[in-house]
Amino acid sequence: MIDEILQKQLSAALSEQLKVKIHINDAKSVHGGDINESFRIATNEGYFFVKLNDAKRYPDMFAQEYAGLLELQSARALNTPKPLAYGSVNGRAYLLQEFLTKGQAVGDFWDDFAVSLAKQHRVTKPHFGNPGPNYLGTLKQYNTPYSSWPVFYAFNRLLPLIRMAYDQQIVDKQMVQQVESLCRQLPQLFPTEAPALLHGDLWSGNFMVGTNGKACIFDPAVYYGHREMDLAMTRLFGGFDTRFYYAYQAAYPLLPGWQQRIGICQLYPLMVHMILFGGNYYNSIREVLQSY
């Protein structure tokens, strides 16, 4: 629910950003994932989208997501919702952004999606990481910069999460040791590649067909990482057409052995889901680790 005080804050933030007086006429709750409250707000200047969460528990979540959307926009590759403002009022954090209207996919939708993602992945920086930590779901995602992907993946992704899972008694000592063993093998498993601009949470629930018939991505967990991480995530929960993978491979071929690294790249999101949701994710993780 958007109360009167929050409504005034959102109106002021939109008015400042758009340089026109904004009046909010209505706020309708819409589906926006399991993490945030989401609303479509109707104004005298059209519709906008707002996400809300607990400002005390996640004080910088929306500031980081705002920065991530700007980073993706700067790549001029895939469409993203334009971020408009973020802040907090009365303990509630908010992120205001463009409201996306669904369209119909054009005939070459999957090819265009893949080629655009390949273009985004060619955007690089000297180190793996991000200026600060952000979130995957409600778990903090550490982005301490490293020049080596295996070191980054071990110390910012796999090791912190498996130790968190152990501390919460979700996994046993044997699984911790298996992850530690895998981390020691990562330098031999991953060929050297430049850091790529990643969406960071690229599953089928985080893209839609825009009004131009092309893919639009949202809800990012942006960092510069190994591009196989985004591609492995697309395979985790389905929803991506086979044409997408053929087109990506043609536009920006993956280095040899990528098929064997899919499971390794999926370990991180699987661990996040295991900690947040439980279920069968433990078995999926154990299956990946059996080879290491």
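Two strands count as paired here when DSSP finds at least two bridges between them. With that in hand, here are some close-up views of this predicted model.

**View A. Five strands make up an open sheet.** Let's start with the sheet as a whole. Its strand order is 1-2-3-5-4, and the pairing is antiparallel. At the edges sit strand 1 (24–29) and strand 4 (83–89), each of which pairs on one side only. From one strand to the next, the twist averages 25 degrees. As a reminder, sheet strands pair through backbone hydrogen bonds, and this can happen in a parallel or an antiparallel way.

**View B. Strand 1 pairs with strand 2 through five bridges.** The two strands run antiparallel. To find your place in this view, look for Ala27, whose bridge partner in strand 2 is Ile41. Strand 2 is mostly covered, with five of its seven residues buried.

**View C. A hairpin links strand 2 and strand 3.** Two residues lie between these strands, and seven bridges pair them in the antiparallel sense. Ile41 is a handy landmark once more: its bridge partner in strand 3 is Phe48. So which residue of strand 5 is the bridge partner of Phe48? It is Glu98, and the next view takes up that side of strand 3.

**View D. Strand 3 (residues 46–54) meets strand 5 (residues 92–98) across seven bridges.** Once again the strands run antiparallel. Several residues help you read along the pair. Phe48 has Glu98 as its bridge partner, Lys51 stands opposite Leu95, and Asp54 stands opposite Arg92. Is strand 5 largely enclosed or not? Six of its seven residues are buried, so the rest of the structure largely encloses strand 5.

**View E. Glu98 sits in strand 5.** Here we zoom in on a single residue. Glu98 and Phe48 are 50 residues apart in sequence, yet their C-alpha atoms are 5.2 Å apart in space. Setting aside neighbours within four places in sequence, Glu98 is in contact with Phe49, Thr80, Pro81, Lys82 and Leu84. Why is Glu98 counted as partly exposed? Its relative accessibility is 34%, and the partly exposed class lies between the cut-offs of under 20% for buried and over 50% for exposed.

**View F. Strand 4 and strand 5 form a hairpin.** The two strands pair in the antiparallel sense over six bridges, with two residues between them. In the turn, Asn90 has a positive phi of about 50 degrees. Val89 stands opposite Arg92 of strand 5. Arg92 is also the residue opposite Asp54, which makes it a good point from which to look both ways.

**View G. Helix 1 (residues 4–18) and helix 2 (residues 61–74) lie across strands of the sheet.** Helix 1 lies across strands 1, 2, 3, 4 and 5, and it runs at about 40 degrees to strand 5. Helix 2 lies across strands 3, 4 and 5, running at about 175 degrees to strand 4.

**View H. Helix 8 bends by about 35 degrees at Leu267.** A proline, Pro269, follows within four residues of the bend. The helix has 20 residues and reaches 28 Å from its first C-alpha to its last, close to the 28 Å expected at 1.5 Å a residue. Of those 20 residues, 16 are buried, so helix 8 is largely enclosed by the rest of the structure. After the helix comes Gly278, with a positive phi near 70 degrees.

**View I. Helix 9 (residues 281–289) has three buried residues to look for: Ile285, Val288 and Leu289.** These residues cover an arc of only 95 degrees around the axis, which puts them on the same side of helix 9. A general rule is useful here: an α-helix has 3.6 residues a turn, so residues three or four places apart point the same way. What covers the buried residues of helix 9? The cover includes helix 5 (173–189) and helix 8 (258–277).

Definitions and conventions
Residues numbered from 1 in each chain as written. Predicted model: local features only at pLDDT ≥ 70, side-chain atom pairs only at ≥ 80, totals over all residues. Heavy atoms only, no water. Buried < 20%, exposed > 50% of the residue type's maximum accessible area, 1.4 Å probe, protein only. Arc of directions from axis to C-beta. Contact = heavy atoms within 4.5 Å. Axes fitted to C-alpha atoms, helices over the stretch in contact; angles between N-to-C directions. Expected span 1.5 Å × (residues − 1). Bend = angle between axes of the 7 residues up to and from the residue.
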